[in-house]
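I opened the model to work through a short list of look-ups. The entries follow in the order I made them.

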2 protein chains.
Amino acid sequence: MTAPTPLDATPLGGPVFILDRPAHGGNIGSALRAIHNMGFRHLRLVEPRQFPHEDVENYAASAGRFIDTIELFPDIASAVADLNFLVAMTRRLRGQRHHVVTPRQMGEALGPKLIQPEQRIGLLFGTERTGLETIDVERCHWICTIPTEGEVGSLNLAQSIMVVAYEMMMGSGKGRAVVHNPTTDDTLATADEMNRLYAHMQEVLFEIDFIQPDRYKQMMGKLKALFNRASLDHREVTILRGMLTEVTAHCNRKMAKLNRP
Amino acid sequence: MTAPTPLDATPLGGPVFILDRPAHGGNIGSALRAIHNMGFRHLRLVEPRQFPHEDVENYAASAGRFIDTIELFPDIASAVADLNFLVAMTRRLRGQRHHVVTPRQMGEALGPKLIQPEQRIGLLFGTERTGLETIDVERCHWICTIPTEGEVGSLNLAQSIMVVAYEMMMGSGKGRAVVHNPTTDDTLATADEMNRLYAHMQEVLFEIDFIQPDRYKQMMGKLKALFNRASLDHREVTILRGMLTEVTAHCNRKMAKLNRP
């Protein structure tokens with residue numbers, strides 16, 4: 001694992017997250033963790049109340065090793081001085097003629113640009129209690145508002161940062177998740193294997209009197225639909241056939257015992 | 001504001017968020033807040049360490065009034081007994097043949113179904129330190145993994161819940177945000193108003209010797225591009241014309257003073 005590159009030695013490779021006077025160290029640590037989870041690096045604090053603070057470390061978890069990359073500023077003006085595109089995170093629109101976007105729209109619009117070193121995007125988050133002040137919204141090119149649905153409209157600061165960092169990462173096309181669809185990604189059992197399974201199943205179900213000769217087609221149709229829907233692989237067919245074999249073998253063993261009194 | 005409807009009196013109107021043995025009351029409060037922010041209601045806890053606890057209240061913020069809707073269970077089996085589609089939130093896949101999805105895919109697939117009262121979807125979150133146990137992943141129909149990009153792979157519990165709740169809301173089509181695009185949503189100034197603004201501007205810029213007669217077309221072209229890009233509305237044109245008027249008037253006033261010594 002390599003140490004993070006100092007900010008002044010590298011072009012900004014992603015947005016700069018700027019927190020105005022955060023009150024809680026836990027929010028700073030959570031923010032740092034969310035930012036690094038999503039592949040970003042730049043966190044700036046304007047006059048934090050608890051920094052340094054043990055809560056920052058506790059909430060940063062394994063991102064704690066990046067705490068010394070956090071930059072401190074005495075006011076928002078100096079925190080944004082070297083950035084050239086600013087977005088205010090707020091849900092109070094104050095009737096201004098700003099372009100207002102959702103995090104998803106912002107990620108889709110700005111995400112692809114994050115790889116251009118000349119793009120210095122700043123995302124400005126207000127205080128936990130009162131949000132951003134009008135004078136700071138006015139510095140910004142866009143306003144971004146996180147959609148909500150519930151009656152409770154005010155989001156937790158660190159959770160807002162997570163949603164925005166997540167959408168910026170998704171928009172950049174860099175988000176990685178192991179996605180797996182067993183019906184298309186695995187080698188499924190062949191039709192021949194499945195037919196032999198169904199024949200075996202039918203034989204055993206007849207034997208244990210579960211299905212009657214006059215109704216077996218309907219029942220087997222239901223079972224085939226069920227197992228086809230489950231998209232079995234070779235190993236799973238082997239397991240099921242082993243079970244079917246044991247149903248018969250078990251019964252035969254019991255019978256054999258009875259015959260040897 | 002009406003009190004929340006008790007769970008037993010209403011069909012489940014959204015997914016049930018189930019937290020296995022959460023260690024920190026703050027995570028429970030943050031989870032409750034995130035769930036209600038995104039319009040959902042159902043939080044179940046399996047053997048929480050800190051509950052009730054002042055941190056739950058502190059982190060729940062205004063969602064604190066829903067704390068008494070949280071349901072407690074002695075184990076995961078009883079917490080999921082009445083649900084019929086379970087999703088394990090984990091990034092450890094354990095080589096199982098599960099359908100693995102991202103929160104976005106899950107929101108798109110399950111979101112529209114959230115309005116059907118017979119769909120009882122449970123989202124299962126593991127402990128902060130060790131995540132879900134294999135036996136509990138095996139209970140589930142799907143695995144959901146949040147994409148990450150950074151070196152730091154383990155997400156904060158409450159932030160994971162926020163991303164999932166956010167995507168479930170987005171997938172349900174219920175997310176509301178005031179989105180505003182000044183270039184298309186506002187009534188812009190008419191072409192005639194803009195032409196009169198540019199004529200006024202040109203006149204004043206000539207007068208203050210900012211542009212020369214032989215180069216004015218090029219300069220006016222640049223200024224027109226700039227102001228057209230800004231998509232001015234009627235009010236903004238009035239402000240700019242007022243400024244232009246004052247440039248001239250100010251100079252005239254100064255001149256008048258000089259002539260009256």
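Is Cys144(A) buried or exposed? I looked up its relative accessibility, which is 0%, so Cys144(A) counts as buried. I note here that this is a predicted model.

**Cysteines**

I then asked which cysteine sulfur is closest to that of Cys144(A). The closest one belongs to Cys140(A), at 11 Å, which is too far for a bond. A disulfide needs the two sulfur atoms within 2.5 Å. I checked chain B as well: the sulfur of Cys144(B) has its closest cysteine sulfur in Cys140(B), 11 Å off, again too far for a bond. Cys144(B) is buried too, with a relative accessibility of 0%. Over all chains I get a count of zero disulfides.

**How the two chains are related**

I laid chain A on chain B and got an RMSD of 0.2 Å. The operation is a turn of 179 degrees with a shift of 0.0 Å along the axis. The two copies are therefore related as by a two-fold rotation axis. I looked for the C-alpha of chain A nearest this axis and found that of Gln159(A), 2.7 Å from it.

**Domains of chain A**

Chain A is divided into domain 1, residues 7-172, and domain 2, residues 182-259. Taken over C-alpha atoms, the centres of these two domains of chain A are 57 Å apart.

**Pockets**

What is the volume of the largest pocket? I noted about 1,200 Å³. It is lined by 44 residues, and those closest to its centre are Glu128(A), Arg129(A), Leu155(A), Leu157(A) and Arg33(B). Helix 1 (25-37), helix 2 (54-60) and helix 6 (157-172) of chain A each give two or more residues to this lining, as do helix 1, helix 2 and helix 6 of chain B. By class, I recorded 13 nonpolar, 23 polar and eight charged residues in the lining of the largest pocket.

The second largest pocket holds about 930 Å³ of space. I listed 35 lining residues for it, with Arg33(A), Glu128(B), Ser154(B), Leu155(B) and Leu157(B) nearest its centre. At least two lining residues of the second largest pocket come from each of helix 2 of chain A and helix 1, helix 2 and helix 6 of chain B. Its lining has eleven nonpolar, 17 polar and seven charged residues.

**Met162(A)**

I placed Met162(A) in helix 6 of chain A. Met162(A) is buried, with a relative accessible area of 0%. Its C-alpha is 8.3 Å from that of Met38(A), although the two residues are 124 apart along the chain.

**Backbone entries**

Where does Pro52(A) lie? I found Pro52(A) in the loop between strand 2 (42-46) and helix 2 of chain A. The peptide bond from Phe51(A) to Pro52(A) is cis, with omega near -5 degrees. In chain B, the bond from Phe51(B) to Pro52(B) is likewise cis, with omega near -5 degrees, and Pro52(B) sits in the loop between strand 2 and helix 2 of chain B.

I also noted two positive phi values outside glycine. Phi of Ser231(A) is near 50 degrees; Ser231(A) lies in the loop between helix 9 (216-229) and helix 10 (234-259) of chain A. Ser231(A) is buried at 9% relative accessible area. Ala61(B) has a phi of about 50 degrees and is found in the loop between helix 2 and strand 3 (71-73) of chain B. At 39% relative accessibility, Ala61(B) is partly exposed.

Methods. Residues numbered from 1 in each chain as written. Chains lettered and ligands numbered in written order. Predicted model: local features only at pLDDT ≥ 70, side-chain atom pairs only at ≥ 80, totals over all residues. Heavy atoms only, no water. Buried < 20%, exposed > 50% of the residue type's maximum accessible area, 1.4 Å probe, protein only. Domains from an automatic or database assignment. 1 Å grid on protein atoms, 1.4 Å probe; cavity = no way out; pocket = protein on both sides within 12 Å on 5 of 7 lines; lining within 4 Å. Points joined across faces, edges and corners; volume = space filled by probe spheres on them. Helix = DSSP H or I, 4+ residues; strand = E, 2+ residues; numbered from the N terminus. Nonpolar A, V, L, I, M, F, W, Y, C, P; charged D, E, K, R; others polar. Least-squares fit on C-alpha atoms with pLDDT ≥ 70 in both.
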